[in-house]
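Q: I have a structure in front of me and would like to learn how to read it. Could you take me through it one feature at a time?

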Protein chains: 2
Amino acid sequence: MTELKIGVIGGGQLARMMTVPAINLGLTLKVLAEAENSPAALATTMVGDYNNVEVVRAFAKTVDVITFDHEHVPLDVLRALEADGVSVQPPSRALAFAQNKLAMRVRLTELGLPCPDWAEIHDAKSLDAFIVDHNGVAILKTPIGGYDGKGVRVVRSSADASDWLSEATLKKVGGHLLVEEKVDFVRELAQLSARTPSGEFLAWPLVQTTQRNGVCSEVLAPAPGASQATLEQAAEIAKQVSQGLGVTGVLAVEMFETADGRLLINELAMRPHNSGHFSIEGSTTSQFEQHLRAVLDLPLGSTEARAKHAVMVNLLGVDDKNDFLPSYNAALSQVPSAKIHTYAKTARLGRKMGHVTVVADSAETALAEARLAAQILHGN
Amino acid sequence: MTELKIGVIGGGQLARMMTVPAINLGLTLKVLAEAENSPAALATTMVGDYNNVEVVRAFAKTVDVITFDHEHVPLDVLRALEADGVSVQPPSRALAFAQNKLAMRVRLTELGLPCPDWAEIHDAKSLDAFIVDHNGVAILKTPIGGYDGKGVRVVRSSADASDWLSEATLKKVGGHLLVEEKVDFVRELAQLSARTPSGEFLAWPLVQTTQRNGVCSEVLAPAPGASQATLEQAAEIAKQVSQGLGVTGVLAVEMFETADGRLLINELAMRPHNSGHFSIEGSTTSQFEQHLRAVLDLPLGSTEARAKHAVMVNLLGVDDKNDFLPSYNAALSQVPSAKIHTYAKTARLGRKMGHVTVVADSAETALAEARLAAQILHGN
């Protein structure tokens with residue numbers, strides 16, 4: 001009996017949720033987790049440090065393809081695997097852009113894709129010049145190491161960034177910083193898509209996302225009131241990004257929509273993404289199933305919506321005492337439409353602990369019900 | 001952090017498919033499997049003999065509730081657990097009827113529920129008398145030990161059952177046999193439902209099933225052309241069976257539909273059932289999620305259809321060389337609508353190896369596509 005073995009580096013909730021389509025499709029999923037008792041503990045076959053090439057190499061020997069729960073595996077580790085002949089999806093040449101926001105801006109700009117104004121910054125002087133040129137405010141980012149709002153700061157003068165501009169910090173983040181215009185957006189959108197190594201590409205409908213303290217809190221699928229032109233442009237951007245950067249598997253392109261209807265690329269994630277959790281119930285093929293199919297170079301599944309509207313609300317940790325299970329009874333009885341997902345994580349402030357999805361014929365109903373379920377689960 | 005731990009006895013594909021909603025809902029599923037490398041190996045925490053009360057007792061200590069992948073755990077083992085204060089769902093008093101077809105007929109008849117004509121048989125004379133009274137043919141069943149067509153035989157005279165009527169065999173099956181009229185049915189139907197220990201009851205829409213060599217081969221949901229009266233009668237039968245027999249969790253009632261529109265109860269299964277696999281893609285709440293919710297006494301989820309039609313086709317083993325994974329590429333590219341499930345089992349003739357579900361607006365389309373995908377997966 002043939003076995004297809006997918007190795008996932010990282011034991012977070014994304015690896016956990018990849019386990020589901022692996023079970024359905026009869027695939028073998030193995031996880032290299034950072035620690036015991038991770039959200040993906042059920043599928044964990046090795047615990048170790050993904051920074052250690054020998055650990056990752058040993059793990060890769062047990063599977064047919066390597067993919068990821070996060071983008072933090074060092075490029076030299078990935079390149080060593082590729083040199084060994086391991087199928088790494090997405091490959092290191094794509095992940096290089098996910099790991100370095102400056103390299104990403106350079107490449108997207110080369111491809112002619114719409115980005116906020118940006119510049120490479122080495123010192124206070126160049127930063128202040130950019131701020132002055134952009135109405136006195138800008139977004140400063142460390143090119144490497146940031147996620148969920150970390151490594152990102154609003155600055156109104158170089159004095160707001162004197163720590164990051166110190167020689168020691170600059171050295172740690174690659175010798176320079178990335179500064180971007182603070183986009184005056186009307187809303188944030190995300191375009192989810194998938195691409196196989198053979199080049200098949202499929203996009204889901206565009207979604208609207210809401211962030212709270214830099215962390216995704218709500219997703220509305222499809223994005224309310226988006227014009228056909230916007231939907232097509234967003235899907236085309238995702239296609240050009242995935243082709244131009246050589247991405248395989250699921251890609252999430254986070255975008256700003258401006259008052260005059262322009263889409264500007266904010267961030268990229270080369271893996272299943274919080275903005276795509278709605279697809280578990282909302283789409284014919286979930287992002288987790290699609291990711292497994294894509295990294296195995298199997299044909300992609302339909303991304304058609306299975307309901308008029310899907311709304312996802314994150315369960316974010318409030319303190320270290322959050323415990324959702326005791327509220328399941330109340331949440332499921334008061335909100336029969338709620339599909340509750342929890343990740344078996346220890347709670348802490350702002351941590352992604354789970355999410356609730358509601359599908360409905362009306363976006364308002366779906367949003368109200370998903371919020372109510374989340375509120376009940378939070379014990380409110 | 002609270003943990004809700006469900007213990008499943010039996011490591012077959014039903015336990016495997018229960019793992020999925022456990023992951024989604026953040027529940028802990030533990031499986032007591034008969035052997036290593038069962039379809040539910042991922043969630044297996046103990047391997048041992050479910051006939052051994054001490055094995056099952058040790059397993060029960062690790063979980064909050066005990067439920068089942070099959071109905072074969074001896075009643076005295078279950079009663080010992082219940083005496084220990086373990087929550088066993090469904091309880092032994094319900095499973096007694098699933099394990100003994102004669103006890104089931106007695107109880108259903110007491111409840112006034114529609115059954116084929118039946119009788120308890122101790123010898124050749126009483127069997128021949130029943131056959132003569134029923135147009136020269138009858139269905140003979142061993143009260144215990146049968147499933148998927150085993151322990152069931154068409155008889156035209158007691159000579160067809162001389163082996164079963166021997167003193168030795170009669171003793172093994174409980175001292176008597178069950179004989180039933182051979183119903184002249186137009187089709188077979190199955191009514192899936194769930195009930196909680198608190199008494200909440202919900203039914204899915206009635207489905208039509210097709211058997212091949214006594215094994216389920218295709219399921220059409222909903223049952224084509226069923227009248228409103230038939231749908232309501234089927235759901236009412238399931239409700240009375242689950243209440244009258246004290247069933248908790250998922251119950252499948254297999255029924256014959258006669259030419260004059262009567263429904264007659266054929267078999268019962270007190271667990272998720274092959275006739276309910278369509279619900280994974282076809283229903284708001286799958287039978288596997290519902291079963292976990294029911295045995296934990298959580299509120300039940302909506303059984304509403306998520307598509308006009310869902311068709312499930314089983315992947316039955318043809319020989320010991322069946323291997324579906326090499327055909328995934330062809331099946332998924334030629335039938336993009338196919339949702340393939342395989343159970344990681346070693347193949348043998350007639351064995352349930354997996355299934356394919358297709359949902360569509362047309363029953364004909366769904367059936368044709370599901371059959372095509374199954375055919376491709378079989379290498380034809």
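A: Gladly! Let's begin with a definition: helices (H or I, at least four residues) and strands (E, at least two) are DSSP runs, numbered from the N terminus. Here, helix α10 of chain A covers residues 287-295, and Arg293(A) lies in it. This is a predicted model, in which local features need pLDDT of at least 70 and side-chain atom pairs count only at pLDDT 80 or more, while totals for chains, interfaces and linings use all residues. Residues are numbered from 1 along each chain as its sequence is written, chains are lettered from A and ligands numbered from 1 in the order in which they are written, and side-chain values use heavy atoms, with hydrogens and water left out.

Q: Is Arg293(A) buried or exposed?

A: Buried means under 20% relative accessible area, exposed over 50%, and partly exposed in between (1.4 Å probe, protein chains only). Arg293(A) has 1% relative accessibility, so it counts as buried.

Q: Which residues is Arg293(A) in contact with, leaving aside its neighbours within four places in sequence?

A: Contact means heavy atoms within 4.5 Å. The partners of Arg293(A) include Leu25(A) and Pro299(A), and also Leu332(B) and Lys339(B). A polar contact is a pair of N or O atoms within 3.5 Å; within protein, one must be able to donate a hydrogen and the other to accept it, and residues adjacent in sequence count only if both atoms are side-chain atoms. A polar atom of the Arg293(A) side chain lies 2.9 Å from the backbone oxygen of Pro299(A).

Q: How do I read the interface of chain B and chain A?

A: The size of an interface is often given as the accessible area lost when the parts come together. Buried area is that loss (1.4 Å probe), summed over both parts. Chain B and chain A bury about 3,700 Å² between them, with 57% of it on carbon and sulfur atoms. The contact takes 40 residues from chain B and 39 residues from chain A.

Q: How many residue pairs are in polar contact across the interface?

A: There are 18 such pairs, both residues at pLDDT 80 or more. On the side of chain B that touches chain A, α1(B) gives the most, with seven residues.

Q: How are the two copies related?

A: Copies are superposed by least squares on the C-alpha atoms of residues with pLDDT of at least 70 in both. A turn of 180 degrees and a shift of 0.0 Å along the axis lay chain B on chain A with an RMSD of 0.0 Å. The two copies are therefore related as by a two-fold rotation axis.

Q: How many salt bridges does the structure hold over all chains?

A: Side chains of opposite charge can pair when their charged atoms come close. A salt bridge is a side-chain nitrogen of Lys or Arg within 4 Å of a carboxyl oxygen of Asp or Glu. The structure holds 30 over all chains. One of them joins Lys141(A) to Glu180(A), with the closest N and O atoms 3.1 Å apart. This pair links distant parts of the chain, strand β6 and strand β8, 39 residues apart. Lys141(A) is buried at 3% relative accessible area, and Glu180(A) is buried at 2%. Across the interface there are two salt bridges, including Lys339(B) with Glu289(A) at 3.0 Å between the closest N and O atoms.

Q: How many disulfides are there?

A: A disulfide is a pair of cysteine sulfur atoms within 2.5 Å. A search of the whole structure finds zero over all chains.

Note on methods
Buried area is the accessible area (1.4 Å probe) that two parts lose on being put together, summed over both.
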